[in-house]
Amino acid sequence: MEGNNIVGLKQGAQNISMEPGGQIELSGAPLETLHQTRAEVNSHLCQVKAVGEELGIGFLGLGFQPKWALSDMPIMPKAKFEIARNYMPKVGSSGLDMMFRTCSVQVNLDYGSEQDMIMKLRAAIALQPIATAIFANYPLKEGKLSGFLSLRSYTYTDTDSDRTGMLPFVFDSSFGFERYVDYVLDVPMYFVYRNKRHINRTGMSFQAGLLYDDESLRCITDMIVDWTSEERDMLRRKVPVTGLKTQFRGGYVRDLAENLVKLAKERAHGSWFLE
């Protein structure tokens, strides 16, 4: 539920969600074989068909809405979609089409080691265009041929370059877990989910503003380089008593705190480090 609206269903380890334009998305359970996945999808499609027959409607498994214009699409009542709908046009010309008029099959694959992950990710990224060619089935747009065999794939070429594309660094010799985590931490957020609420954080980084930013870390290192052991011990003893009013080098701890917060905010571009 979100407010008074049903926005998803759950059955065991499976989830069904409504996507921005009313697309029905099955998030399947973790399974061991492709045959199990096929059985799961077929069971889901039987349920969808049964419900659809009661309502007098059918469903199409296509990559792009073949008939309706963007202005004709319904908007599902979910807060995170409203955040994305307002942000998407700022980072690409096709983001709203992606949200409201596309469907896809998304595959999550396991790996056994760091090297296995590297090999699989490189192979998956390099072969992605070939997979697109094999399964291209969506040439229509608003009832007419669009000029593309895979209109959905083309839509992603100008959706949000911060979180799409071929990721060239994956093919660097230094690529591994750490490099991928660095990439993910730098991808701008859309929202954070706290206390059952979606909070707008569009354009902000996951990086904490001090210790994970090289420039801010250098500034801090320069600031504390000549602090003595006695001064650090003094701060540890007195701050619990006098807090921000603790005197330090002709000023107060409040002055240090203000500088640190300012530095963190500047380097994190307002990230949720300060929350």
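Ile24, Val51, Leu55, Ile57 and Phe59 form a nonpolar patch on the surface, and together they have about 470 Å² of accessible area. Patches here are made of residues with over 30% relative accessible area and no salt bridge, with nonpolar side chains (Val, Leu, Ile, Met, Phe, Trp, Tyr) joined within 5 Å and like charges within 9 Å. A salt bridge is a side-chain nitrogen of Lys or Arg within 4 Å of a carboxyl oxygen of Asp or Glu, and areas come from the Shrake-Rupley method with a 1.4 Å probe, where for residues only the protein chains shown count as cover.

Before going on, please note that this is a predicted model, where local features need pLDDT of at least 70, side-chain atom pairs count only at pLDDT 80 or more, and totals for chains, interfaces and linings use all residues. Residues are numbered from 1 along each chain as its sequence is written, and side-chain values use heavy atoms, leaving out hydrogens and water.

One member of the patch, Phe59, sits in the loop between helix H1 (34–55) and H2; helices (H or I, at least four residues) and strands (E, at least two) are DSSP runs, numbered from the N terminus. Phe59 counts as partly exposed because its relative accessibility is 44%, given that buried means under 20% relative accessible area, exposed over 50% and partly exposed in between (1.4 Å probe, protein chains only).

Lys78 is found in that loop between H1 and H2 too, but Lys78 is buried, at a relative accessible area of 10%. Beyond its neighbours within four places in sequence, Lys78 is in contact (heavy atoms within 4.5 Å) with Glu2, Val7, Ser17 and Met18.

Ser17 leads us to the strands. Ser17 stands opposite Glu25 in S3, where S2 and strand S3 (residues 24–27) pair in the antiparallel sense over 4 bridges; strands pair if DSSP finds at least two bridges between them. These two form a hairpin with 5 residues between them, and Gly22 in the turn has a positive phi of about 95°. On S1, Leu9 stands opposite Ile16 in S2.

Gly22 also brings us to Met76, which touches Met18, Glu19, Pro20, Gly21, Gly22 and Phe81, not counting residues up to four places away in sequence. Met76 and Phe81 belong to the largest nonpolar core, which has 10 residues. Such a core is a set of buried Ala, Val, Leu, Ile, Met, Phe, Trp, Tyr and Cys residues joined through side-chain atoms within 4.5 Å.
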